[in-house]
Amino acid sequence: MMKPELHPQEAERLRELRRYGILDTEREQAFDEIVELTAQLCDAPVSVVNFIDEGRQWFKAEVGLGVRSTPIDTSLCGHVILQGDFVEIPDTLADERMADNPLCTSDPGFRFYAGAILRAANGLPLGTLCVLDNKPRVLSDQQRKVIRILSHQVMRELDLRQALEREQVLRREIDHRVKNSLASIGSLFSMKARVAPDEKVRLALEDASLRIRSLSSLHAELHDLEQGQLVDLASLFRRVSLDLQQLLPEGISLATSVSGDHATPHLANGLLLIFNEFVSNSVKHGLSAAGGAIECEIAIKNDRWSIVCKDNGSAGPQDAERAAANSGLGTKVISSLATSLGASIDWRAEGSGMELRLESSDG
């Protein structure tokens, strides 16, 4: 039996094949539909999308074959990829390469073959889209055109996936750099705040540092999310709390609890910014220099959510009224976030600290 010869650039060809990451993947509708259509339009019992790997040919999609791979020694396509872009063999037993191949001499054997080569962008052959029949025959010009066009569709699908993967790699690299930049800027502001001689400057730098470090924590959580995935709120607020605790004045404690699990990036961003603004306001206005405590509880279930933030400072009813009237930048930010999230907002204070409560509205 004549075994297929290796391609003159076999090592490079195999590297290119593996670069596509298609081998040993599950069956997919996009490829299954291509072989079904090819078999139907060519009136053939068998059609396959196959890739010539080392020691085997592997089928990404097949109709009428019933297996996912066969040894390379009996591969018809192993011979074909050494030829032009399209190969048609009207009678395999009349072809010296296949005349003694058991796939062709068995009963019923493959007596007819036609296939278009699947080529990478660099021209190296990866496999074929082909049809096989149990009787000698020839294709019409229209059928040959169908196989060629659909083979191009196979490669467009593979090239598109490769382009998307490159884009995702680039996005992950950019995200990583942005995350590190945010963390560095936050740390720089914190360092500047510690040595600032002016109290107003120090407070402004600390406030900026809190905001940037919180955004850095959110970015870190979003960094590895795929399209459409939800944010793990418990992980996010644990990360943020640990980060902010290091920036708070000595003696001020920070505690968060999350009931429920995940949220959309939009909601997670809003909850984080609300939390951040409350912490910032408590440190600047509500808590004494001697210390205090800040607590935050987040609850989410299905489409309903709430966030309750408290401190044990000296805020009283008048402070709550000013907060409700959006007298400061922080309260304006919180009010704007509540509106964007479609939430009700309630400020309360009875002389033993400030409480902020936001709840998602019905519907």
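Which residue in β6 is the bridge partner of Leu118? In this predicted model, the bridge partner of Leu118 in β6 is Gly127, and the pairing around them can be followed along both strands, since strand β5 (residues 112-119) and strand β6 (residues 125-133) run antiparallel to each other and are joined over eight bridges.

These two strands belong to an open sheet of six strands, whose order is β3-β2-β1-β6-β5-β4 and whose pairing is antiparallel. At its edges lie β3 (69-71) and β4 (86-89), each of which pairs on one side only, and neighbouring strands of the sheet are turned by 25° against each other on average, direction ignored.

Two helices can now be added to the picture. Helix α1 (residues 10-19) lies across β1 (46-53) and β6, running at about 115° to β1, while helix α2 (residues 29-41) packs on the sheet, where it touches β1, β2 and β6 and makes an angle of about 75° with the direction of β2.

Strand β2 (residues 56-63) contains Arg56, whose side chain makes a polar contact with the side chain of Asp24 at 2.9 Å. Among the residues in contact with Arg56 that are not its neighbours within four places in sequence are also Leu23, Phe51 and Ile72.

The last step concerns the nonpolar cores. In soluble globular proteins, nonpolar side chains tend to be buried together. Here the largest nonpolar core has 41 residues, of which Leu233, Phe275, Trp305, Ile307 and Leu358 touch the most other members, and its largest share, nine residues, comes from helix α8 (residues 265-286). A second, separate core of 29 residues includes Ala120, Leu129, Val131 and Met155.

Conventions
Residues are numbered from 1 along each chain as its sequence is written. This is a predicted model: local features need pLDDT of at least 70, side-chain atom pairs count only at pLDDT 80 or more; totals for chains, interfaces and linings use all residues. Side-chain values use heavy atoms; hydrogens and water are left out. A nonpolar core is a set of buried Ala, Val, Leu, Ile, Met, Phe, Trp, Tyr and Cys residues joined through side-chain atoms within 4.5 Å. Buried means under 20% relative accessible area, exposed over 50%, partly exposed in between (1.4 Å probe, protein chains only). Helices (H or I, at least four residues) and strands (E, at least two) are DSSP runs, numbered from the N terminus. A polar contact is a pair of N or O atoms within 3.5 Å; within protein, one must be able to donate a hydrogen and the other to accept it, and residues adjacent in sequence count only if both atoms are side-chain atoms. Contact means heavy atoms within 4.5 Å. Two strands pair if DSSP finds at least two bridges between them. Axes are lines fitted to C-alpha atoms, for helices over the stretch in contact, and angles run from 0 to 180 degrees between N-to-C directions.
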